[in-house]
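Here's a short set of exercises to work through with the model open in your viewer. Try each task before you read its solution.

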Amino acid sequence: MTDTEDKAAARLIEEFARLAPRYDRRWADYLRVTHEETLRWLELRPHHCLLDVGCGTGSLLQMIAARYPEVGLTGVDVCDGMLEVARQKL
């Protein structure tokens, strides 16, 4: 990455951190629709593990945990603010 790209990425991460506390409310309809569609395609079994790369606030992981409580779940994200919201949920 160039210095310009690094700075742009840092600004983007800062913006998502700022939005994190109200992200789920702001995007509620979009998240509901996309998460439901994702759940339609998942075929998880009790012994499965799932990694959500770019998990944001953890809303998809929260839905998966409710539907598949026996599945191992891990979420990662580059934005600490989003992860803090996810930790509070999960």
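Buried means under 20% relative accessible area, exposed means over 50%, and partly exposed is what falls in between (1.4 Å probe, protein chains only). Before you start, note that this is a predicted model, where local features need pLDDT of at least 70, side-chain atom pairs count only at pLDDT 80 or more, and totals for chains, interfaces and linings use all residues. Residues are numbered from 1 along each chain as its sequence is written, and side-chain values use heavy atoms, with hydrogens and water left out.

**Exercise 1. Describe the place of Thr57 and list what Thr57 is in contact with.**

Step 1: find the element. Helices (H or I, at least four residues) and strands (E, at least two) are DSSP runs, numbered from the N terminus. Thr57 sits in the loop between strand E1 (49-53) and H3.

Step 2: check the accessibility. Thr57 has a relative accessible area of 3%, so Thr57 is buried.

Step 3: collect the contacts, meaning heavy atoms within 4.5 Å. With neighbours within four places in sequence left aside, Thr57 is in contact with Ala20, Tyr23, Asp24, Met82, Val85, Ala86 and Lys89.

Step 4: look for a polar contact. That is a pair of N or O atoms within 3.5 Å; within protein, one must be able to donate a hydrogen and the other to accept it, and residues adjacent in sequence count only if both atoms are side-chain atoms. The side chains of Thr57 and Asp24 are joined by one, at 2.6 Å.

**Exercise 2. Lay out the fold of the protein chain and say where the buried residues of H3 pack.**

Step 1: count the elements. The protein chain has 4 helices and 2 strands, and from the N terminus on they run α-α-β-α-β-α.

Step 2: get the overall numbers. The C-alpha atoms fill a box of roughly 45 × 25 × 25 Å along the principal axes, and 27% of the 90 residues count as buried.

Step 3: zoom in on H3. Its buried residues are Ser59, Leu60, Leu61 and Ile64. They pack against helix H1 (3-26), helix H2 (28-41), E1, strand E2 (72-76) and helix H4 (80-89).

Step 4: take Leu60 as a sample. At 15% relative accessibility, Leu60 counts as buried. Leaving aside neighbours within four places in sequence, Leu60 is in contact with His35, Thr38 and Asp52. Leu60 and Leu39 are 21 residues apart in sequence, yet 8.7 Å apart in space, C-alpha to C-alpha.

**Exercise 3. Which residues make up the largest nonpolar core?**

Step 1: fix the rule. A nonpolar core is a set of buried Ala, Val, Leu, Ile, Met, Phe, Trp, Tyr and Cys residues joined through side-chain atoms within 4.5 Å.

Step 2: apply it. The largest core has 10 residues: Leu39, Leu44, Leu50, Cys55, Leu60, Leu61, Ile64, Tyr68, Val71 and Leu83. Helix H3 (residues 59-67) gives the most to this core, with 3 residues.

Step 3: trace one member. Not counting residues up to four places away in sequence, Leu44 touches Leu50, Ile64, Tyr68 and Val71.

Step 4: look for another core. Apart from the largest lies one of 6 residues, including Ala20, Leu31, Met82 and Val85.

**Exercise 4. How many aromatic pairs are there?**

Step 1: set the cut-offs. Rings of Phe, Tyr and Trp (its six-membered ring) pair if their centres lie within 6.5 Å; planes under 30 degrees apart count as stacked, over 60 as edge-to-face and the rest as tilted.

Step 2: count. By this rule there are 3 aromatic pairs. Phe16 and Tyr23 have ring centres 6.2 Å apart and planes at 50 degrees, so this pair is tilted. Trp27 and Tyr30 form an edge-to-face pair, at 6.3 Å centre to centre and 75 degrees between the planes.

Step 3: group them. Phe16, Tyr23, Trp27 and Tyr30 form one aromatic cluster.

Step 4: add the accessibility. Tyr23 is buried at 18%, while Phe16 is partly exposed at 32% and Trp27 is partly exposed at 37%.

**Exercise 5. How many disulfides does the structure hold?**

Step 1: recall that a disulfide is a pair of cysteine sulfur atoms within 2.5 Å. The structure holds 0.

Step 2: check Cys49. The nearest cysteine sulfur, that of Cys55, is 16 Å away. Cys49 is exposed, at 68% relative accessible area.

Step 3: check Cys79. Its closest cysteine sulfur, in Cys55, is 9.9 Å off, too far for a bond. Cys79 counts as buried, at 2% relative accessibility.
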